[in-house]
Amino acid sequence: MAKKVRSVRVPQELAGLDLSALIRECASHLRDLESAVLLSTQGNREAADALVKARRADLGRRVGNLVWEAKLRHQEAARALEAEKKPSET
């Protein structure tokens with residue numbers, strides 16, 4: 001039985017992660033896995049394996065891009081906040 005998650009610690013850099021886009025990517029990946037299962041049951045095992053392998057690499061790249069974009073947004077916000085503080089300190 002799966003455990004229910006009550007809280008998750010997320011690094012501050014990932015607080016701005018686009019969760020809707022992440023869910024869309026995972027849903028698309030699940031549809032492709034279902035297609036691979038269908039291909040496999042129809043006897044086309046090589047095509048199913050190729051589809052799974054391609055989608056796994058694609059999902060990793062897309063999720064990595066989402067994380068990278070969130071980190072960039074966090075860095076830009078930190079720089080803007082730092083730039084606002086500097087003139088008032090002098």
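# A walk through a two-helix chain

Start with Glu25. Glu25 sits in helix H1, which covers residues 19-41. The model you are looking at is predicted. Is Glu25 buried or exposed? Glu25 is buried, with a relative accessible area of 16%. The cut-off explains the label: buried means under 20% relative accessible area, so 16% puts Glu25 in that class.

What does Glu25 touch, apart from its neighbours within four places in sequence? Its contacts are Arg55, Leu59 and Arg62. Find Arg55 on the model. Arg55 lies in helix H2, which runs over residues 45-89. So the contact between Glu25 and Arg55 joins a residue of H1 to a residue of H2. Arg62 also lies in helix H2.

Now step back to the whole chain. How many helices and strands does the chain have? The count is two helices and zero strands. The radius of gyration is 20 Å, well over the 12 Å that the globule rule gives for 90 residues, so the chain is more spread out than a compact globule. Look at the outline too. Along the principal axes, the C-alpha atoms fill a box of roughly 75 × 30 × 15 Å.

Burial comes next. Of the 90 residues, 13% count as buried. The chain exposes about 7,600 Å². Carbon and sulfur atoms supply 56% of that exposed area. Contacts can be sorted by sequence separation. Take the contacts with a separation of 6 or more: residues 24 or more positions apart account for 65% of them.

Turn to the charged side chains. How many salt bridges does the structure hold? The structure holds six. A good place to look is Asp58. Asp58 is buried, at a relative accessible area of 15%. Which side chains does Asp58 pair with? Its salt-bridge partners include Arg55, Arg61 and Arg62.

Take these partners in turn. Between Asp58 and Arg55, the N to O distance is 2.5 Å. Both residues lie in helix H2, three residues apart, about one turn of the helix. Arg55 counts as buried, at 9% relative accessibility.

Arg61 is on the other side of Asp58 in the numbering. The salt bridge of Asp58 with Arg61 has an N to O distance of 2.4 Å. Here too the two residues are three apart in H2, about one turn of the helix. Arg61 counts as partly exposed, with a relative accessibility of 48%.

Then comes Arg62. The closest N and O atoms of Asp58 and Arg62 are 3.0 Å apart. This pair is four residues apart in helix H2, again about one turn. Arg62 is partly exposed, at 34% relative accessible area.

These pairs belong to a wider network. Which residues does the network of salt bridges link? The network links Glu25, Asp32, Arg55, Asp58, Arg61 and Arg62. That brings us back to Glu25, the buried residue in helix H1 where we started.

One more stop is on the surface. Look for Val5, in the segment before H1. Val5 counts as exposed, at 59% relative accessibility. Exposed means over 50%, so Val5 passes that cut-off. Which residues make the nonpolar surface patch with Val5? Val8 and Val10 do, and the patch with Val5 comes to about 300 Å².

Notes
Residues are numbered from 1 along each chain as its sequence is written. This is a predicted model: local features need pLDDT of at least 70, side-chain atom pairs count only at pLDDT 80 or more; totals for chains, interfaces and linings use all residues. Side-chain values use heavy atoms; hydrogens and water are left out. Buried means under 20% relative accessible area, exposed over 50%, partly exposed in between (1.4 Å probe, protein chains only). Contact means heavy atoms within 4.5 Å. Patches are made of residues with over 30% relative accessible area and no salt bridge: like charges are joined within 9 Å, nonpolar side chains (Val, Leu, Ile, Met, Phe, Trp, Tyr) within 5 Å. Accessible areas come from the Shrake-Rupley method with a 1.4 Å probe; for residues, only the protein chains shown count as cover. A salt bridge is a side-chain nitrogen of Lys or Arg within 4 Å of a carboxyl oxygen of Asp or Glu. The radius of gyration is taken over C-alpha atoms; the globule rule is 2.2 Å times the number of residues to the power 0.38.
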